[in-house]
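Got the viewer open? Load the model, switch to a cartoon view, and keep the selection box handy.

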Amino acid sequence: MWKRDSKNILKLDKRILLVGVSLLVVLLALFLTSFFKAPPSYYELDGFTLGTYCRIVVSSKKNSKVLAQVIFNELERIYKKYNPNDPNSVVSKINASDDWVDVDEETFVLLDAAVRFSKLTEGSFDPTLGELIQLWGFDRIAEKLPSRVPTSEEINEALKRVGVDKLELDFQRRRVRLLHGAKLDLGGIAKGYALDRAYQVAKEVDKDCTGFVEAGGDIRILGPKFGSRPWVVGVRDPRNAGSAIAYLYLTSGAVATSGDYERYFEAEGVRYHHILDPKTGFPARGAISVTVVADNAVTADALSTAGFVMGAQWEYVVLEFPKLGGSVLMVTEEGSIRRSATMVVYEQAR
């Protein structure tokens, strides 16, 4: 009996030892696989839409190349839908009418957001600048650089058709109406909306995708680089295209910049840019660059435009805009850099 039990115990010990060694091998393999795991690869798609160059950098287990094309198609859809120079766009349809126009839910929500940001910024952001933008020639700047400064009489006449109070929204019947010849131009918010839609469609395809979408310098983060690291965004020096005045470290959210250095012309030594002050009808003065970081691109886009228009009141912008959801980095006309206290969080490498 004793000898038989001893053999069984030895057999049992060998089995335990074999199981233990196997378990250690599996754990070691898992550790090594995790430690040396290759970072996800990113697919990059460059293209032209939204009236500017765009760049899509995305990594997805579902097929990064296909997802990048899906994102680009969505950007292009938004551009065609709200391009005031496209006679078939929704904006052209509204601008051509002096009566109520029925619109789809997407358009109504976007216009409601535009009105809301206009009121929040006391009219500094204004979606009804279409007539004024046409007068200056900035609506066709991609085709022809403007060269003439409108007269004061022409500007005063155009200003009669500017103001968010001339845009009516009917929430009961989901329709809109422009009054007194006002014309829509959603250039200060549509790009941000397109970037937010890009984020939404990307997450619908693959909620775990990472990367970013850039359009004309505005960026919507899809997810952290390699799943955990921040994307580093350089804020351009407005008077030196080859250098940056700051670097932002973002794992989510959006950043948008409004500046006087991309779309402008000069006459008699004066620079006239495309960001117009709804109160004066002339290019806004006081700032030469305003960058805003926000949770979403619509907020960043609208507030960067409003902040630029309010550049002469930089104290108000850097102090109050964080309450509206945007952290501000502004370069004044004198070249001084002003920033919200909350912006410091994004300037620290993590």
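What percentage of the 350 residues in the protein chain is buried? Buried residues make up 47% of them. Keep in mind that you're looking at a predicted model.

**The whole chain**

Colour by secondary structure to begin with. The protein chain has nine helices and 15 strands. Now put a surface on the protein chain: about 18,500 Å² is exposed, and carbon and sulfur atoms supply 54% of that area. If you like contact maps, take the contacts in the protein chain with a separation of 6 or more; residues 24 or more positions apart account for 61% of those.

**Stop one: the annotated site**

Select Gly 188, Asp 301 and Thr 305. UniProt lists these three under "binding site", in an unreviewed entry. They span 118 residues in sequence, yet no two of their C-alpha atoms are more than 6.5 Å apart, so they gather at one spot.

Centre on Gly 188. You'll find Gly 188 in the loop between strand E5 (175-178) and H7. Is Gly 188 buried or exposed? Gly 188 has 16% relative accessibility, so it counts as buried, the cut-off being under 20%. Leave aside the neighbours within four places in sequence and Gly 188 is in contact with Phe 125, Asp 301, Ala 302 and Thr 305.

Next, click on Thr 305, which is found in helix H8 (residues 297-309). Thr 305 also counts as buried, at 16% relative accessibility. Show the side chain: that of Thr 305 reaches the backbone oxygen of Asp 301 at 3.2 Å. Which residues does Thr 305 touch, not counting those up to four places away in sequence? They are Phe 125, Gly 188, Ser 258 and Ile 275. Phe 125 is worth adding to your selection, as Gly 188 is in contact with Phe 125 and Thr 305 touches Phe 125.

**Stop two: salt bridges**

Side chains of opposite charge can pair when their charged atoms come close. How many salt bridges does a search of the whole structure find? The search finds 22. Let's visit a few.

Start with Lys 191 and Asp 218, a salt bridge with the closest N and O atoms 3.5 Å apart. Lys 191 lies in helix H7 and Asp 218 in strand E7 (residues 218-223), so this pair ties together parts that are 27 residues apart in sequence. Asp 218 counts as buried, at 3% relative accessibility.

Now jump to Arg 161 and Glu 131. In this salt bridge the closest N and O atoms are 3.3 Å apart. The pair links distant parts of the chain, 30 residues apart: Arg 161 is in the loop between helix H6 (152-159) and strand E4 (167-170), and Glu 131 is in helix H5 (residues 130-136). Glu 131 is partly exposed, with a relative accessible area of 22%.

Then pick Lys 323 and Glu 320, whose salt bridge has its closest N and O atoms 3.1 Å apart. Lys 323 counts as exposed, at 63% relative accessibility, while Glu 320 is partly exposed, with a relative accessible area of 26%.

For a group selection, try Glu 74, Arg 77, Lys 81, Asp 104, Glu 106 and Arg 197: salt bridges that share partners join these residues into one network.

**Stop three: a nonpolar patch**

Turn the surface back on and select Val 66, Val 70 and Val 205. Together they form a nonpolar patch on the surface, with about 200 Å² of accessible area. Zoom in on Val 205, which sits in helix H7 (residues 190-205). Val 205 is partly exposed, with a relative accessible area of 33%.

**Stop four: two more picks**

Select Leu 120, in helix H4 (residues 105-120). Leu 120 counts as partly exposed, at 36% relative accessibility. Add Phe 321 and run the distance tool: the C-alpha atoms of Leu 120 and Phe 321 are separated by 9.6 Å, with these positions 201 residues apart along the chain.

Finish at Thr 332, found in strand E14 (residues 326-332). Thr 332 is buried, with a relative accessible area of 2%. What surrounds Thr 332, leaving aside the neighbours within four places in sequence? Thr 332 is in contact with Gly 286, Ala 287, Ile 288, Trp 314 and Arg 338.

Note on methods: Residues are numbered from 1 along each chain as its sequence is written. This is a predicted model: local features need pLDDT of at least 70, side-chain atom pairs count only at pLDDT 80 or more; totals for chains, interfaces and linings use all residues. Side-chain values use heavy atoms; hydrogens and water are left out. Patches are made of residues with over 30% relative accessible area and no salt bridge: like charges are joined within 9 Å, nonpolar side chains (Val, Leu, Ile, Met, Phe, Trp, Tyr) within 5 Å. Accessible areas come from the Shrake-Rupley method with a 1.4 Å probe; for residues, only the protein chains shown count as cover. A salt bridge is a side-chain nitrogen of Lys or Arg within 4 Å of a carboxyl oxygen of Asp or Glu. Helices (H or I, at least four residues) and strands (E, at least two) are DSSP runs, numbered from the N terminus. Buried means under 20% relative accessible area, exposed over 50%, partly exposed in between (1.4 Å probe, protein chains only). UniProt positions are given in the numbering used here, feature names are shortened, and annotations may be inferred rather than shown by experiment. Contact means heavy atoms within 4.5 Å. A polar contact is a pair of N or O atoms within 3.5 Å; within protein, one must be able to donate a hydrogen and the other to accept it, and residues adjacent in sequence count only if both atoms are side-chain atoms.
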